[in-house]
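Trainee: I'm new to this structure and would love to understand the words used for it. Could we go through them together?

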Amino acid sequence: YMMIAPTNLSGKKLDIVVESNDGFIYRTPVECNTQIFEAGKIYALTGTIVQERTSQLVDGPTFKSTIQNLCSNGSVKGVEFKYSTNTIPSSYKIVSVAGSDYPIYASAEYGYVTISTEADKIYLNENSYAMFNEFDIKSIDVSNLVTDNVTNMQGMFAGCDKLTSLD
């Protein structure tokens, strides 16, 4: 349910925030197939969920070298994944493969790397070998990365001697 004025949105695509039955909140595109109608004081919208927006990261060795090159001395102190971009960073590298629905941007400041995209999901490359190898990171949240297609994760966190938290 959405709190908006009655209007005809049939055939239009909207990004909406949805709360699932288990309390997980996520953003999803919806294609409207009826107009909004009043249901008490709440306006209801029916529609169908549009295919998820996805992106795939480049292979592990390419990702690693690209990230290290973004950091002035090659030392990576932190990596954070963000799933929305309001603006494209002024200095960035693309770390998604060609053909991804949305680009994945990597930017760095003082050794701290931000990976950002408008995609709903980021798929790791089949070859994620040594992806974060020897990064000087203490923790990293990779819980939203999709590993379904990965066949090689060898050495992904090798040499990350300060790594104490992996989500």
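Trainee: What makes Ile88, Tyr92 and Ile94 a nonpolar patch on the surface?

Mentor: Patches are made of residues with over 30% relative accessible area and no salt bridge (a side-chain nitrogen of Lys or Arg within 4 Å of a carboxyl oxygen of Asp or Glu). Nonpolar side chains (Val, Leu, Ile, Met, Phe, Trp, Tyr) are joined within 5 Å, and like charges within 9 Å. Ile88, Tyr92 and Ile94 form such a patch, with about 270 Å² of accessible area together, by the Shrake-Rupley method with a 1.4 Å probe, where only the protein chains shown count as cover for residues.

Mentor: Remember that this is a predicted model, where local features need pLDDT of at least 70 and side-chain atom pairs count only at pLDDT 80 or more, while totals for chains, interfaces and linings use all residues. Residues are numbered from 1 along each chain as its sequence is written, and side-chain values use heavy atoms, leaving out hydrogens and water.

Trainee: Why is Tyr92 called partly exposed?

Mentor: Buried means under 20% relative accessible area, exposed over 50%, and partly exposed in between (1.4 Å probe, protein chains only). Tyr92 has 35%, so Tyr92 is partly exposed.

Trainee: How do you know that β9 and β10 pair?

Mentor: Two strands (DSSP runs of E, at least two residues) pair if DSSP finds at least two bridges between them. β9 and β10 have six, in the antiparallel sense, and Ser107 has Thr114 as its bridge partner in β10.

Trainee: What about β7 and β10?

Mentor: They pair over five bridges, in the parallel sense. Glu80 stands opposite Thr114 there.

Key. Helices (H or I, at least four residues) and strands (E, at least two) are DSSP runs, numbered from the N terminus.
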